[in-house]
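This report walks a newcomer through selected parts of one structure, beginning with its interior and ending with its loops. Please look over the sequence and the model before reading on.

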Amino acid sequence: MTAIGRLLDDFARQRRPLRSLGASGQLGYGIPTPALEAGLARSPDMIGVDMGSIDIGPNYLGSGKLAPTRVGAKRDLRKVLLAARRLDIPLIVGSAGSAGAKPHLDQTLEIIREIAAEEGLSFRMGVVAADIPRDRVKQAIRAGRVRPMDTMPGLTEADVDDASQLVGQLGLEAFRRALEADVDVVVLGRACDTGIFASIPAMLGFPPGLAMHMAKIVECASLCCTPGGRDTILGILDDEGFELESMAPNRAATPASVAAHSLYEQADPFEIREPAGHADLRNVTYRALDARRTRVEGATFEPARTLTLKLEGAAFVGHRALLLAGAADPRFIAQHQQIFAAVAQVVRDLVCEDTAEDYRLGFRLYGVDGVRNWGLPPEQLPREAFVMGECIAPTPERAEEVIRTTKQYLLHHGYEGRLSTAGNLAFPFTPPEVMAGPAYRFNVFHLMEVDDMAELFPVEVETFR
């Protein structure tokens, strides 16, 4: 009997609270062994772990590369896979390989196969890929069934073609379909993190609002604690609410810390929106059970009127080169905007004498306006600041040419009040130019109405003996 089959049979005989173990906030960056072992000692019913996010930006989706190192991903996958097989409980992995497109899923599955062979493991694995056929998206565009999210413009068929990878963010129902294939391990491509921990509760008939609320917190492991961290966390769900406890003794899940984390990644502080609907948090209560544990009650669920799928795609925009330097001259710091503009003009005149302006050059001054454009200068300028120049060009050679020319002229640009001609910049290392490789941008971040998720995203089963 498979791990999910055994769990369903157990609950059919006697209904009880469900114990879900969130192994790590993001697989591939290390799972502290003491906290994981402490969680395993509490007899969990399942282990779940999220592997991805769009927080890491468009590069990994566009390039098809893993966000963590392969070494780190294999180390963490080995830990959770061995733990789940040791206890004979389901293991659920979401957003395989970080961005969850076919290259990421394939690399994750390859690692799992290696571990299974090395450790002599036997199990059934359900897999759901998140890549969506481009022609289906184009059909939806023509039918008026695609709309932008946030400040994105309307989606065009050209955008669909330009995306290096194109995925749909799978929801709870995809996790559930994979589990219903009678498996021990579930691995999905790009997916909503809540589905990892809300799918088994849905199969067992737990209130969906409570399950979704718990899932949204547990998927980040002990990030909801004081002090926040990525250690393993245990969520215990019943029909009235759920309890949270970090498996690291130095972290406490308090009512304040858990309530604060309930706002994480949400545009509305009272709602958690997912493809199937939203959890309503307006009447939620948070109560301390002791110094380290909190009980949460009150979330309800409202099904979506229309089934939608979030589309994510990243388009190649060029090759990136960076200039990294520091500045400690107060006159340079005070005049940096004029200096950057003047140097950009000098560079343009030099590198575009016999070719078109085919690149983008920009600057950030960390310490003044590197993170955001504040509009007004600070009341007191910093005594030193970090300078970053960025060029994106059609080829690596062009990007390198522009950024090296920029380095030379920014280093020696004359500005009002300059006291030294020896150089305006301090270099942390040499060369200060860094070739950062291909650059991407999110060009697809839209919602598409869907009639049948199962037809678009079928489950495949692989057996290891």
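Which residues of the largest nonpolar core touch the most other members? The model to which this applies is a predicted one, and the sections below take the core as their starting point.

## The largest nonpolar core

The largest nonpolar core holds 68 residues, and of these I132, V137, L188, I200, L244 and M448 touch the most other members. The element that gives the most to this core is helix α10, which spans residues 208-218 and supplies seven residues.

V137 can be followed further: leaving aside residues up to four places away in sequence, V137 touches I132, V146, L155, V160, L166, L311 and M448. Two of these partners, I132 and M448, are themselves named among the core residues that touch the most other members.

## A second core and M247

Separate from the core just described is a second one of 36 residues, which includes L36, L40, M51 and M247. M247 is found in the loop that runs between β9 (241-246) and α11 (255-261).

Is M247 buried or exposed? With a relative accessible area of 7%, M247 is buried, because the cut-off for that class is under 20% relative accessible area. Not counting residues up to four places away in sequence, M247 touches L21, A35, A38, G39, R42, T232, I233 and L234. One of these partners, R42, lies 205 residues from M247 along the chain, yet the C-alpha atoms of the two are separated by 9.5 Å.

## Helix α1 and its neighbours

Helix α1 covers residues 3-13, and its buried residues are A3, I4, G5, L7 and F11. These buried residues pack against one strand, β1 (18-22), and against the helices α4 (70-87), α8 (172-179) and α9 (194-204).

## How α13 packs on α14

Two packed helices are described by the angle between their axes and the distance between the axes. For helix α13 (residues 336-351) and helix α14 (residues 396-412), the angle is about 130 degrees and the axes are 9 Å apart. An angle of that value makes α13 oblique to α14, and the crossing in which α13 passes α14 is right-handed.

On the side of α13, the contact is made by I339, F340, V343, V346, V347, L350 and V351, while α14 brings R398, E401, V402, T405, T406, Y409 and L410. Sorted by class, the contact of α13 with α14 has ten nonpolar residues, two polar ones and two charged ones. As background to such a spacing of contact residues, an α-helix has 3.6 residues a turn, so residues three or four places apart point the same way.

## Backbone features in the loops

Cis peptide bonds are taken up here before the phi values. A cis bond joins T226 and P227, with omega at about -10 degrees, and P227 has its place in the loop between α10 and β8 (233-237). The peptide bond from T430 to P431 is also cis, with omega near -5 degrees, and P431 is found in the loop between α14 and β18 (433-449).

S43, a residue other than glycine, has a positive phi near 55 degrees and is found in the loop between α2 (33-40) and β2 (46-50). D88 likewise has a positive phi near 55 degrees without being a glycine, and D88 lies in the loop between α4 and β3 (91-94). At 22% relative accessibility, D88 counts as partly exposed.

Technical notes:
Residues are numbered from 1 along each chain as its sequence is written. This is a predicted model: local features need pLDDT of at least 70, side-chain atom pairs count only at pLDDT 80 or more; totals for chains, interfaces and linings use all residues. Side-chain values use heavy atoms; hydrogens and water are left out. Axes are lines fitted to C-alpha atoms, for helices over the stretch in contact, and angles run from 0 to 180 degrees between N-to-C directions. Helices (H or I, at least four residues) and strands (E, at least two) are DSSP runs, numbered from the N terminus. Angles under 35 degrees count as roughly parallel, over 145 as roughly antiparallel, 65 to 115 as roughly perpendicular and the rest as oblique. A crossing is left-handed if the near helix is turned anticlockwise from the far one by less than a right angle, and right-handed if clockwise. Contact means heavy atoms within 4.5 Å. Ala, Val, Leu, Ile, Met, Phe, Trp, Tyr, Cys and Pro count as nonpolar, Asp, Glu, Lys and Arg as charged, and the others, Gly among them, as polar. Buried means under 20% relative accessible area, exposed over 50%, partly exposed in between (1.4 Å probe, protein chains only). A nonpolar core is a set of buried Ala, Val, Leu, Ile, Met, Phe, Trp, Tyr and Cys residues joined through side-chain atoms within 4.5 Å.
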